[in-house]
Amino acid sequence: MTHPSPKLITGLQSPIEPVHTVHHCPTCERVLSVAEFIERFCTDCKTYTKPVAVKERVA
Ligand SMILES: [Zn+2]
């Protein structure tokens, strides 16, 4: 049984983490859309929101 050799990361390159950042509304804990994040406005709460950045792992 053979395994594919993992790519070696050199010291010159920073490792690329398989994560991306999404923004949650801290009030209703819903993931905000890009427009909502830019406007800082939650359409569910119908008010100003302070987006919370959450890193999500990408498969
Ligand atoms: Zn909300």
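1. Let's begin with vocabulary: helices (H or I, at least four residues) and strands (E, at least two) are DSSP runs, numbered from the N terminus. With that in hand, you can read the protein along its sequence as β-α-β-β-β. That pattern holds one helix and four strands.

2. A word on what you're looking at. This is a predicted model, in which local features need pLDDT of at least 70 and side-chain atom pairs count only at pLDDT 80 or more, while totals for chains, interfaces and linings use all residues. Residues are numbered from 1 along each chain as its sequence is written.

3. Now for what is inside and what is outside. A residue is called buried if 20 or more other C-beta atoms lie within 10 Å of its own, exposed if 12 or fewer, and partly exposed in between, with the C-beta atoms placed from the backbone. By that rule, buried residues are 8% of the 59 residues in the protein.

4. Have a look at strand β4, residues 52-57. How many of its six residues are buried? The number is zero, so β4 lies largely in the open.

5. Which way do β1 and β4 run relative to each other, parallel or antiparallel? Strand β1 (residues 19-24) and β4 run antiparallel, and six bridges join them. For two strands to pair, DSSP has to find at least two bridges between them. If you want one spot to find on screen, go to threonine 21, which stands opposite lysine 55 in β4.

6. Histidine 20 is a good residue to click on in strand β1. It is exposed, because 10 other C-beta atoms lie within 10 Å. Contact here means that the C-beta atoms of two residues, placed from the backbone, lie within 7 Å. Setting aside neighbours within four places in sequence, histidine 20 is in contact with Glu56 and Val58. From histidine 20 to valine 54 you travel 34 residues in sequence, but the C-alpha atoms are 8.3 Å apart in space.

7. Step back to proline 18, in the segment before β1. Proline 18 has 9 other C-beta atoms within 10 Å, so it is exposed. Which residues does it touch, not counting those up to four places away in sequence? Proline 18 touches Arg57 and Val58. Proline 18 and valine 58 are 40 residues apart in sequence, yet their C-alpha atoms are 5.2 Å apart.

8. What about the protein as a whole? Among its contacts with a separation of 6 or more, 44% are between residues 24 or more positions apart.

9. Two residues have backbone angles worth checking. Glutamate 29, in the loop between β1 and α1 (34-39), is not a glycine but has a positive phi, near 60 degrees. It counts as exposed because it has 10 C-beta neighbours inside 10 Å. Lysine 46, in the loop between β2 and β3, also isn't a glycine, and its phi is positive at about 55 degrees. With 8 C-beta neighbours inside 10 Å, lysine 46 counts as exposed.

10. Last stop: threonine 43. Where does it sit? Its place is in the loop between β2 (41-42) and β3 (47-48). Threonine 43 has 15 C-beta neighbours inside 10 Å, so it counts as partly exposed. Leucine 32 is eleven residues away from threonine 43 along the chain, and 8.8 Å separates their C-alpha atoms.
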